[in-house]
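Work through the exercises below with the sequence and the structure side by side. Each one sets a task and then solves it step by step.

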Amino acid sequence: MALTREQMAQRVAQELKDGFYVNLGIGIPTLVANYVPEGIDVMLQSENGLLGMGRFPTEDEVDPDMINAGKQTVTARPGAAIFHSAESFAMIRGGHVDLTVLGAFEVDQEGNIASWMVPGKLIKGMGGAMDLVAGAENIICTMTHASKHGESKLLEKCTLPLTGAGCINRVLTDLAYLEIENGAFILKERAPGVSVEEIVEKTAGKLVVPDHVPEMTFD
């Protein structure tokens, strides 16, 4: 079974470490705020100027003035700071974020990412993704492994306009968790019930498969 959006967020949350400053991009990454493991202290950043983002609000907690970069209402944890988006991007561009989590249309075996436009379709602009991938060394990309037509999104070479080159080192899809090294995807984990054969079939780029590929586990 492919992972749900919530399970993908849970798996990403397992990569959080105590004391991390973490930027969460639009889409699946924003859900990570709901799954921060107990016992660790992380500061979640939204590029529009919030450091210390909390979980999504309940109906009674909704404040229309408290939003993330995707215009979703959020909460703020104790110790949070709100500041100008220019200062937020200075934090990003200055390399002061320990982990960035963002989505993508395509990722290739060289660590290139295409995430901001599909030619011929209406786009809202590149957003902060170019700054995020240029300013961070530790990036997890979340995406579906294949398109709704079954075409792989893990490629030998990206076909869409690049957001960043040689910057992605980890990819979590709805089928697998992979790392990118030496021009290849390294299969590290698979979603529960998903076979290695299915992952191989749906990966167009060079894929290295270890002798043992464990299934992901969730609490």
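**Exercise 1.** In which sense do strand β10 and strand β11 pair, and over how many bridges?

*Solution.* The model is a predicted one, and the first step is to find β10 at residues 170–173 and β11 at residues 176–181. These strands pair in the antiparallel sense over 3 bridges. As a next step, look at what joins them: β10 and β11 form a hairpin with 2 residues between them. Within this pairing, R170 stands opposite E179 in β11. For the partner of β10 in another pairing, turn to β8, which pairs with β10 in the parallel sense over 4 bridges, with I140 standing opposite R170.

**Exercise 2.** Determine which way the residues of β10 point, and whether they are buried or exposed.

*Solution.* Begin with the general rule that in a regular strand the side chains alternate between the two faces of the sheet. In β10, R170 and L172 point one way while V171 and T173 point the other way. On both sides the result for burial is given by the same strand: R170, V171, L172 and T173 are all buried.

**Exercise 3.** Place the strands in their sheet, and explain why one side of β4 and of β13 is left without a neighbour there.

*Solution.* The sheet is open, has 10 strands with mixed pairing, and runs in the order β4-β3-β2-β1-β5-β8-β10-β11-β12-β13. Because β4 (76–82) and β13 (207–208) stand at the edges, each with a single partner strand, one side of each has no neighbour in the sheet. Helix α2 (residues 85–93) packs on this sheet, where α2 touches β1, β2 and β3, and the direction of α2 makes about 120° with that of β2. A further helix, α1 (residues 5–13), has the buried residues M8, A9, R11, V12 and A13, and their cover includes β5, β8, β10, β11 and β12.

**Exercise 4.** Describe the surroundings of T100, stating which residues T100 is in contact with beyond its neighbours within four places in sequence.

*Solution.* First locate T100, which lies in strand β5 and is buried, with a relative accessible area of 1%. Setting aside those sequence neighbours, T100 is in contact with N23, L132, A136, N138, I139 and I140. Finally, compare positions along the chain and in space: T100 and V22 are 78 residues apart along the chain, yet their C-alpha atoms are separated by 5.7 Å.

Notes
Residues are numbered from 1 along each chain as its sequence is written. This is a predicted model: local features need pLDDT of at least 70, side-chain atom pairs count only at pLDDT 80 or more; totals for chains, interfaces and linings use all residues. Side-chain values use heavy atoms; hydrogens and water are left out. Two strands pair if DSSP finds at least two bridges between them. Contact means heavy atoms within 4.5 Å. Axes are lines fitted to C-alpha atoms, for helices over the stretch in contact, and angles run from 0 to 180 degrees between N-to-C directions. Buried means under 20% relative accessible area, exposed over 50%, partly exposed in between (1.4 Å probe, protein chains only).
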